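Please work through the following exercises with the sequence and the model open beside you. Each task is followed by a solution that goes step by step.

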Amino acid sequence: MKAIWATAGLVSLLLGAIGIVLPLLPTVPFVLLAAFCFARSSERLHDWLLAHRTFGPMIADWRRAGAIRRGAKWAATVSVLAVFGVSLALQLPVKLLAIQAVTLSCVLLFIWTRPEA
């Protein structure tokens, strides 16, 4: 069972890392999921993730207060706007743009209503 949790943690961490550069993937939820999986599989991986320079503070902020740092909020906002701008530039169908607008608005609403670290 530990191997399954470790694999799930590694996949989650990989998706979170990709999310740093790819605006369509959220980073923080995948990093939090990785921490959850590592806590059930490997103390060494869990400790490494908590001590990581990039990912550790995200986990600590979330555990302490369900918080997201202001810089991360702004980065997410810029990414969301960029993704929606690309969709507009590609002239996607209005129905798809509407679905995307509602979904991205909900994401931003969630992010900006979280406390700040």
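**Exercise 1.** Determine which residues make the nonpolar surface patch of about 460 Å², and place L22 within the chain.

*Solution.* The patch is made by L14, I18, I20, V21 and L22, where patches are made of residues with over 30% relative accessible area and no salt bridge, like charges being joined within 9 Å and nonpolar side chains (Val, Leu, Ile, Met, Phe, Trp, Tyr) within 5 Å. A salt bridge here is a side-chain nitrogen of Lys or Arg within 4 Å of a carboxyl oxygen of Asp or Glu, and accessible areas come from the Shrake-Rupley method with a 1.4 Å probe, with only the protein chains shown counting as cover for residues. This is a predicted model, in which local features need pLDDT of at least 70 and side-chain atom pairs count only at pLDDT 80 or more, while totals for chains, interfaces and linings use all residues. Residues are numbered from 1 along each chain as its sequence is written, and side-chain values use heavy atoms, with hydrogens and water left out. L22 itself lies in the loop between α1 (2-21) and α2 (27-41), helices being DSSP runs (H or I, at least four residues) numbered from the N terminus. Because its relative accessible area is 38%, L22 is partly exposed, a class that falls between buried (under 20%) and exposed (over 50%).

**Exercise 2.** Compare the span of helix α6 (residues 94-113) with expectation, and describe how its buried residues are arranged.

*Solution.* The expected span is 1.5 Å times one less than the number of residues, so the 20 residues of α6 should span 28 Å, which agrees with end C-alpha atoms 28 Å apart. The buried residues of α6 are L97, Q100, L104, L108 and I111. Seen down the axis of α6, these buried residues fall within an arc of 65° (taken from the directions from the helix axis to the C-beta atoms), so they line one face of the helix. An α-helix has 3.6 residues a turn, so residues three or four places apart point the same way. The buried residues of α6 pack against α5, whereas K95, I99, V102 and L109 are exposed on the other side of α6.

**Exercise 3.** Find the contacts of T77, leaving out residues up to four places away in sequence.

*Solution.* T77 is in helix α5 (residues 70-89) and counts as buried because its relative accessibility is 11%. With contact meaning heavy atoms within 4.5 Å, T77 touches L108 and W112.

Definitions and conventions:
Helices (H or I, at least four residues) and strands (E, at least two) are DSSP runs, numbered from the N terminus. Buried means under 20% relative accessible area, exposed over 50%, partly exposed in between (1.4 Å probe, protein chains only).
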